[in-house]
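Reader: Got a minute to walk through this model with me? I'd like to start with the charged pairs.
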Amino acid sequence: MSGGEQEQRNYYLGVDVGTGSVRAALVDQCGVLLAFADQPIMKWEPQFNHHEQSSEDIWAACCIVTKKVVRGIDLNRIRGLGFDATCSLVVLDKQFRPLPVNHEGDPHRNIIMWLDHRAVSQVQRINETKHRVLQYVGGVMSVEMQAPKLLWLKENLRETCWDKAGHFFDLPDFLSWKATGVTARSLCSLVCKWTYSAEKGWDDSFWKMIGLEDFVADNYSKIGNQVLPPGASLGNGLTQEAAKDLGLPAGIAVAASLIDAHAGGLGVIGADVKGHGLACEGQPVTSRLAIICGTSSCHMGISKDPIFVPGVWGPYFSAMVPGFWLNEGGQSVTGRLIDHMVQGHAAFPELQAKATASCQSVYAYLNSHLDLIKKAQSVGFLTVDLHVWPDFHGNRSPLADLTLKGMVTGLKLSQDLDDLAILYLATVQAIAFGTRFIIEAMEAAGHSITTLFLCGGLSKNPLFVQMHADITGMPVVLSQEVESVLVGAAILGACASGDFTSVQQFASCPDCGNRRFPKKLQQRNDDCM
């Protein structure tokens, strides 16, 4: 590419805050990722099932990665900035200063993370109300949503947190506020995690019934009374202060945000796949299931009309793709479960040593080791006598039972590397069977799913991908651009800039799509299970 051609490009920034790190990408108008950076962020677990983070630490990490990806770039060509993040709860006082969400009174730890399960009794009481808003979360609210966490804060930290609080943000909305000074919330966050309705707004009776009438009294100012669709431009763009922090020019368009999984879904579900000989070519976008698989797995299916699936979140209108209803299935802590099973095995030190010696990750080494020990049979049949039930952190979908626990059956006294590899395989298979369970529930309710579109960290693991194809019996499509979540965030910035009229225009543009989904796009389904 000539220098002149590069100068004519417009650029968009996507910033993704995951469970363990912040990542940023510079993306051009054709969806090509040009630069990438990541930075770890801190996590605290002061007691079992309490998981906390710091909004100040996360914002500092955002500034580090953003400065890295724009190094050497003509900053005047950057047109838009989009954020996505985990659906964690950020608490600030009336002057926007952090407040403690912990018994220790540490205000630095002012975020209750998405995977936090402290509010068990609160969510049980909420579900006992059988309020009408619960029909839009599969009939049962999850402990990982915001209402039970808010109720826990009121009941447990009244003086140190609740009475002083001025603002409760979903983490994606905190980031857009930090960048623009605008307290408007994204429709995505409020609809998916806070019981807001895109059509009816807040339901006063719900908040009064569960004991959080405080929000009704102040016209929901603490949790959001200005709501914008994802990709909408916020205020006057990047403030002077935020611009200095991020190393960007002031005034760049900043978009209303998305939850991280929804950014990934947006980045893949609308892909133009013409010319690749895929079975899904010519089929409606509603036949695709986007699976965003990282620390947890989220299963995103869209429909033209609302579909109510027991145990599956939604239907949410326009929460991910404008004009479509979204159903979101999920498996809590899938990536973390694999780490837990592998790292807790007696043979893990041997695995680490051998993987390091062969210059491989532990999972690449395990995949190779499975190929060595499979003999004449398919890898999948190595687990004929070993089975894992994967709900070590409860079941998010479709059983919606946070009390469920994990189980392994078929263990032997041996604890060598072969045993570790087979336990790893059984865990991956269990996760894939969980996906199949979710798909069956969605199809029973009215979805018609034919193809899986995977993205996220686990989609880079060939074994994980293959087991999903084998166990669901469906082809799996992967994009050449593996950072689909960051592309989704950048799409928001492109929309906010006005260069694209809607998120669909960018996401499904044939030219952009073909550049993002070229020859490495794969269809996998060996039907060996």
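Reader: Which residue does Arg 118 meet in a salt bridge?
Author: Glu 52. The two side chains come to 2.9 Å, N to O. Bear in mind that this is a predicted model.
Reader: Where do the two sit, and how many residues apart are they in sequence?
Author: Arg 118 is in the loop between strand S7 (111-112) and helix H3 (120-128), and Glu 52 is in strand S4 (residues 52-53). The pair therefore ties together parts that are 66 residues apart in sequence.
Reader: What's the salt bridge count by this rule?
Author: It comes to 23.
Reader: New topic, domains. How is the chain split?
Author: Domain 1 takes 3-254. Domain 2 is made of two pieces, 269-332 and 434-522. Domain 3 takes 335-429.
Reader: And how many residues do domain 1 and domain 3 put into their contact?
Author: Eleven come from domain 1 and five from domain 3. The C-alpha centres of these two domains are 34 Å apart.
Reader: How much area is buried between them?
Author: About 680 Å² between domain 1 and domain 3. Carbon and sulfur atoms give 58% of that.
Reader: What about salt bridges between domain 1 and domain 3?
Author: The count there is two. As for another named pair, Glu 45 and Arg 336 meet through their side chains in a salt bridge, at 3.8 Å, N to O.
Reader: How many residue pairs are in polar contact across that interface?
Author: Three, for domain 1 against domain 3, with both residues at pLDDT 80 or more. On the domain 1 side that touches domain 3, there are six nonpolar, three polar and two charged residues.
Reader: Switching to backbone. Which peptide bonds are cis?
Author: One is from Gly 314 to Pro 315, with omega near 5 degrees. Another joins Ser 397 and Pro 398, where omega is about -5 degrees.
Reader: Where are those prolines found?
Author: Pro 315 is in strand S15 (residues 313-317). Pro 398 is in the loop between strand S17 (387-389) and strand S18 (407-409).
Reader: Why flag bonds like that?
Author: Because most peptide bonds are trans. Most residues other than glycine also have a negative phi.
Reader: Then which non-glycine residue has a positive phi?
Author: Asn 49 is one of them, with phi near 70 degrees. Asn 49 lies in the loop between strand S3 (33-40) and S4.
Reader: Last one. What does UniProt say about domains?
Author: Its unreviewed entry places "Carbohydrate kinase FGGY N-terminal" at residues 11-267. It also has "Carbohydrate kinase FGGY C-terminal" covering residues 289-496.
Reader: What are the helix and strand shares in each span?
Author: Residues 11-267 are 30% helix and 21% strand, with the end C-alpha atoms 16 Å apart. Residues 289-496 are 41% helix and 18% strand, and there the end C-alpha atoms lie 26 Å apart.

Technical notes: Residues numbered from 1 in each chain as written. Heavy atoms only, no water. Domains from an automatic or database assignment. Contact = heavy atoms within 4.5 Å. Buried area = accessible area lost by both parts, 1.4 Å probe. Salt bridge = Lys/Arg side-chain N within 4 Å of Asp/Glu carboxyl O. Polar contact = N/O pair within 3.5 Å; in protein donor to acceptor, adjacent residues only side chain to side chain. Nonpolar A, V, L, I, M, F, W, Y, C, P; charged D, E, K, R; others polar. UniProt positions renumbered as here; feature names shortened; annotations may be inferred. Helix = DSSP H or I, 4+ residues; strand = E, 2+ residues; numbered from the N terminus.
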